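Here are a few exercises to work through with the structure open beside you. Try each task before reading its solution.

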Amino acid sequence: MAVLPPLVDQHSHGADHGELGLGSFEARMAAASGAEGPAPAGTSHFDTRTGLAIRRWCPPLLGLEPHCSPVRYLARRRELGAFRAGRMLLRGAGIGAFLVEVGAPASLTSAAELAAAAEARGHEVVRLEPLAEQVADTSGSVDSFLGYTAEALYAAAQHATAFASGATYCEGRAPDAGAVRRAADRWLRGRRPGEPLAEPALARHLLWSAVATGLPVQLHCPDPQPLTAFLRATAGLGSDLVLLPRVPHHQRAAQLATVHAHVYADAGPFPEETLGRAPFGKLLFSSGARGLPELYVTAARLFSRAVERVVGEWAAEGLCAASDGRRIAELVGSGTARRVYRLAAEAS
């Protein structure tokens, strides 16, 4: 199959700015794999699929042979310096556009910084809960909080490409004004500055408010099933919804995307689980990367090879033509994201 056009990474958090020692590097690898704490004695976090993928595809981008030792790889990284090594990795990832959640720690790049390092395009995704938390830190009353939150959300909609929400459950209707005011009052009276949003009614209010802007909304949902009523109720309102599930719920997300015309599903870097579960134009690639530039590289490589493998098998069986396989790969890798996030006017 022909080489894919540059991917659109629809969900990530930015890359590290500074130098990383072995401990810091492994800690970020562990977080990417969902691991906690140190690796077992006699092993390291390079002894994972993520570690193998980094050793396979990242060393050649820094002038080393594939599968070189972790020590040699990290020494080369330090020799080049974090800035230069990061640019070389990101520019070799094969990603042409990044959608990055804003509000990341200062140690991570912004969407614009990531795009500049990768010679790509960057787009901001505004997470709703931190937006409300920032307003709450400077609000003295329920009225001011609700008013300023509405203003902040409207202002964000003028420049953001999408919103994102961490609400794991939402009914098929917006909470009434009284419930929202009571939730805001409880939260403002009980919270300390900087504490995260802990009122489900407020989270649902923010979610419905974001849908009203017409921008796409990403839904961080470990299991998307509790959002079914919300997905059904938002049909026809003009806002596309993109499910970002966790393992092992990608297939359920793909099934929900099949049922609802305005709902899409994240395929992550492992599309094998979803390609047979939803129309190809309902699935989108993302790296989910945070911190290591290497995670963008490995996610893009794993995704591209998985798609190539699946459609290659279908072509060998006579299920599709080679041209069909290329179109499927382009849809999931970039085409659907450009349509959903209204990036169609940009060059690949």
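A disulfide is a pair of cysteine sulfur atoms within 2.5 Å. Keep in mind that this is a predicted model.

**Exercise 1. How many disulfides does a search of the whole structure find?**

Step 1. Apply the cut-off: the search of the whole structure finds 0 disulfides.

Step 2. Take Cys170 as a test case. Its closest cysteine sulfur belongs to Cys221 and lies 12 Å away, which is too far for a bond.

Step 3. Now look at burial, where buried means under 20% relative accessible area. Cys170 is buried, because its relative accessible area is 0%. Cys320 has a relative accessible area of 14%, so Cys320 counts as buried too.

**Exercise 2. Which residues of helix α3 are buried, and which exposed residues sit on the face turned away from them?**

Step 1. Find α3 at residues 70-80; its buried residues are Tyr73, Leu74, Arg77 and Leu80.

Step 2. Look down the helix axis. The buried residues of α3 fall within an arc of 125°, so they line one face of the helix.

Step 3. Turn to the face directed away from that buried side, and you will meet the exposed residues Val71 and Glu79.

Step 4. Ask what the buried residues of α3 touch: they pack against α1, α2, α4 (82-91) and α12.

Step 5. Follow the chain just past the helix. Gly81 comes right after α3 and has a positive phi of about 95°.

**Exercise 3. Which residues line the largest cavity, and what is its volume?**

Step 1. Start with the count: there is 1 cavity of 30 Å³ or more.

Step 2. The volume of the largest cavity is about 40 Å³.

Step 3. Its lining consists of Asp16, Gly18, Leu20, Arg77, Ala82, Gly86 and Pro293. Arg77 may look familiar, as it is one of the buried residues of α3.

Step 4. Sort this lining by class, and you get 3 nonpolar, 2 polar and 2 charged residues.

**Exercise 4. What is the volume of the largest pocket, and which elements each supply at least two residues of its lining?**

Step 1. The largest pocket holds about 1300 Å³ of space.

Step 2. Of the 40 residues lining this pocket, Ala31, Ala32, Pro269, Ser287 and Gly288 are the closest to its centre.

Step 3. Move on to the elements: α1 (22-33), α2 (49-57), β5 (217-221), β6 (241-245) and α12 (293-316) each give at least two residues to the lining of the largest pocket.

Step 4. Finish with the classes: the pocket lining divides into 15 nonpolar, 17 polar and 8 charged residues.

Definitions and conventions
Residues numbered from 1 in each chain as written. Predicted model: local features only at pLDDT ≥ 70, side-chain atom pairs only at ≥ 80, totals over all residues. Heavy atoms only, no water. Buried < 20%, exposed > 50% of the residue type's maximum accessible area, 1.4 Å probe, protein only. 1 Å grid on protein atoms, 1.4 Å probe; cavity = no way out; pocket = protein on both sides within 12 Å on 5 of 7 lines; lining within 4 Å. Points joined across faces, edges and corners; volume = space filled by probe spheres on them. Nonpolar A, V, L, I, M, F, W, Y, C, P; charged D, E, K, R; others polar. Helix = DSSP H or I, 4+ residues; strand = E, 2+ residues; numbered from the N terminus. Arc of directions from axis to C-beta. Contact = heavy atoms within 4.5 Å.
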